[in-house]
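Welcome! Please take a moment to look over the fold below, and then read on for a short tour of its chain, its interior and one strand residue.

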Amino acid sequence: ERHYMDVTIRNARGYAENFDSIAPWSNFFHWRDLELTTGNRFREVVDDRGTVLSFIIYNKQLGLLQVGDGEMATDSLFAGELTIPAYVDGYKVVIISDDAFKDNKKLTAIHLPSTLMIIYDNTFDGCTALQEVRLPDKVYYLGTRAFAGCSQLRSIYLSSNIETIGSFAFAECPMLQNIYIPSAEPPELDEDAFLTTIVTKDDGYDLEIGNGVYNRATLYVPYGSKWRYATTPAWSLFNKIEETTFDGIADMTMATKQEKRVYDMKGRAVATADNRNRLRHGLYIISNTKVVLGR
């Protein structure tokens, strides 16, 4: 009848199919996602290239927002690069949810917002065109298989606040050459995080690590922290560990051997020998040694 064509039914996101076979609900043609009374709200943002991104506000009171809700977050991708905004309608983007960009073969570059803190499971799993990953400094958690199967991935810039890197987070990434981590304290890491070859068996994964990335890639860590990584389980699997300066994860430069710099406990260069008297009182690293400096 006519009214079934004209009326819009608003229902909780993803549940329209539950009504498809139940008359008279099955007669309705128009369905819209409901803004739930719990405070969760769904948004779609179209970038300047026409790509549609789906967001869910998961805490209305705190104004926090996540990309995706356990499903694909892009309805389309009209260019190889994608920029996720830091705010949507005044809400801060802090989470990228499970499977948000899984198996997106077109994605060549992803620009993550400075507000981001958590990347959940399988988020970029199978993004075979992605070549570089730069995590914003607030990111402290990477989920299981977050960037697994990114077969063209060559460089990873982790955040200084990273605490947990989940199982198989960068597994099946055979082209990895450079891994930068600006934290002086090694974060939690499973031995299978950089597993190159995974053989599926009836009882799960075969965890034979072999050589692969652990032999080929170079792990760059802050000055004074190489020994920590070389003696910490899982990180010690890397054959090549080099020390470098981190003047900001987006702009790294190698320090000369003659240069004498002062680093904070997260491995960030904060002063030179000439101006270290300006530092606040605290614990710092100079020439692989912890010292108390400042006034």
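The protein chain holds three helices and 24 strands, taken as DSSP runs (H or I of at least four residues for helices, E of at least two for strands) and numbered from the N terminus. This is a predicted model, in which local features need pLDDT of at least 70 and side-chain atom pairs count only at pLDDT 80 or more, while totals for chains, interfaces and linings use all residues. Residues are numbered from 1 along each chain as its sequence is written, and side-chain values use heavy atoms, with hydrogens and water left out.

Of the 295 residues, 46% are buried, meaning under 20% relative accessible area with a 1.4 Å probe, protein chains only (exposed is over 50%, partly exposed in between).

Let us step inside. The largest nonpolar core, a set of buried Ala, Val, Leu, Ile, Met, Phe, Trp, Tyr and Cys residues joined through side-chain atoms within 4.5 Å, has 54 residues, and Phe101 and Ile179 are among those with the most contacts inside it. The elements below each supply at least two of its residues.

| Element | Residues |
|---|---|
| β4 | 52–59 |
| β5 | 64–67 |
| β8 | 91–96 |
| α2 | 212–216 |
| β19 | 218–222 |

A second, separate core of six residues includes Ala271 and Leu293.

Now to glutamate 81, which sits in strand β6 (residues 81–83). Why is glutamate 81 called partly exposed? Because its relative accessibility is 36%. Beyond its neighbours within four places in sequence, glutamate 81 is in contact (heavy atoms within 4.5 Å) with Arg49, Thr108, Ala109 and His111.
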